[in-house]
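Here's a quick look at how a ligand sits in its protein. Pull up the model and follow along.

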Amino acid sequence: MDYQHILDTIHDEMSYRDVTGKVASYIPELAKIDRKKFGMHVYCGDQQHFCFGDSKELFSIQSISKVFTLAMAMKLLGEDLWDRLAVEPSGDPFNSLTQLEYESGIPRNPFINAGALVISDILVDQLEDPKQELLDFVRKITGDSSIQYDETVANSEKSTGYRNIALVNYIKALGNIKCDVEPIVDFYFHQCSLAMTCEQLSKAFMIFANKGRILETNEKILKPKTVKRINALMQTCGFYDEAGEFSFQVGLPGKSGVGGGIVAIHPDNYSVAVWSPILNEKGNSELGMKALERFTTLTGVSVF
Ligand code: DON
């Protein structure tokens with residue numbers, strides 16, 4: 001497969017001029033990003049790398065971080081985690097509060113904000129220094145100790161994070177949050193502020209394409225069963241109320257963030273990250289989705 005030729009074709013075919021969405025502005029710091037940014041990176045099971053554009057530029061990974069914290073919570077709690085969370089697509093926007101009332105504070109899945117905040121509660125409750133342990137986890141699976149939180153982005157989200165603060169209070173009132181609200185949202189705003197490149201994200205997500213092992217060292221990080229479950233959740237819930245559309249167009253398990261990043265994997269084959277900060281109305285990268293649709297069409301390879 002000539003991945004570089006396929007990536008060059010995608011880069012030639014598409015640009016920010018083809019899409020009409022907007023960069024995220026409800027987190028003030030994210031509104032400052034240049035809408036022209038566009039990069040893509042593929043990391044293959046034979047350790048080859050292919051890329052184009054702004055693939056080595058740091059951006060805010062936002063909700064992509066929910067896959068890392070889910071992996072950490074599954075390592076800690078195993079199947080007991082599912083007493084606190086469901087595993088169904090929500091069909092609602094990522095920051096919705098509505099289902100919690102009639103579902104007794106059990107979030108529909110770990111990738112909507114409600115679910116990620118329950119996971120934050122678990123990590124804050126169980127870990128001595130959750131922010132450092134998340135950083136250590138991400139640095140280890142990426143093989144890159146330079147990865148950092150972006151404090152400016154974390155503080156910017158804190159200053160306008162009324163919905164997430166409301167979600168934690170609401171779930172706590174319904175009995176599914178143990179810790180105090182402040183440390184939970186502080187951890188959550190930091191995980192969302194992680195700054196990574198497409199290259200780093202494709203390396204980090206290789207553990208989900210490689211049955212839980214770091215490709216270069218073969219070190220086991222997650223059980224194959226855990227990876228099966230995380231990939232199933234990425235496939236069914238990774239794009240919120242657009243999960244069906246992403247499956248339909250792209251056909252890979254993946255996760256998006258409002259920083260404009262998307263990472264997707266093909267089990268045993270590759271991990272691919274794309275970044276364009278222009279979002280569609282569902283909060284997913286508009287150009288990123290189109291680029292991944294072209295990628296699985298031109299390669300002729302998807303999980304379907
Ligand atoms: O909690 C929020 O609203 C953001 N920190 C993350 C949301 C997000 O990335 C949704 N993804 N497409």
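Which cavity is the space taken by the ligand? It's the second largest cavity. Keep in mind that this is a predicted model.

**Who's around the ligand**

The ligand is surrounded by 16 residues, and the closest are Tyr26, Gln62, Ser63, Glu157 and Tyr188. Sorted by character, this shell has seven nonpolar residues, eight polar ones and one charged.

**Polar contacts**

Three side chains put polar atoms within reach of ligand atoms, as tabulated here.

| Side chain | Ligand atom | Distance |
|---|---|---|
| Tyr188 | oxygen | 2.6 Å |
| Asn164 | oxygen | 2.9 Å |
| Tyr240 | nitrogen | 3.2 Å |

As for burial, the ligand on its own has 340 Å² of accessible area, and the protein covers 99% of that.

**What the record says**

The unreviewed UniProt entry carries a "binding site" annotation on Ser63, Asn113, Glu157, Asn164, Tyr188, Tyr240 and Val258. From this set, Ser63, Asn113, Glu157, Asn164, Tyr188 and Val258 help line the second largest cavity, the very space that the ligand takes up.

A few names keep coming back. Tyr188 is among the closest residues to the ligand, has that 2.6 Å pair with a ligand oxygen, and is covered by the UniProt annotation. Ser63 is also one of the closest residues. Where does Ser63 lie in the fold? Look in the loop between β3 (59-60) and α2 (65-77).

How values were computed:
Residues numbered from 1 in each chain as written. Predicted model: local features only at pLDDT ≥ 70, side-chain atom pairs only at ≥ 80, totals over all residues. Heavy atoms only, no water. Near = heavy atom within 4 Å. Polar contact = N/O pair within 3.5 Å; in protein donor to acceptor, adjacent residues only side chain to side chain. Areas by Shrake-Rupley, 256 points an atom, 1.4 Å probe, with all protein chains shown as cover. 1 Å grid on protein atoms, 1.4 Å probe; cavity = no way out; pocket = protein on both sides within 12 Å on 5 of 7 lines; lining within 4 Å. Sits in = over half its atoms within 2 Å of the grid points. Nonpolar A, V, L, I, M, F, W, Y, C, P; charged D, E, K, R; others polar. UniProt positions renumbered as here; feature names shortened; annotations may be inferred. Helix = DSSP H or I, 4+ residues; strand = E, 2+ residues; numbered from the N terminus.
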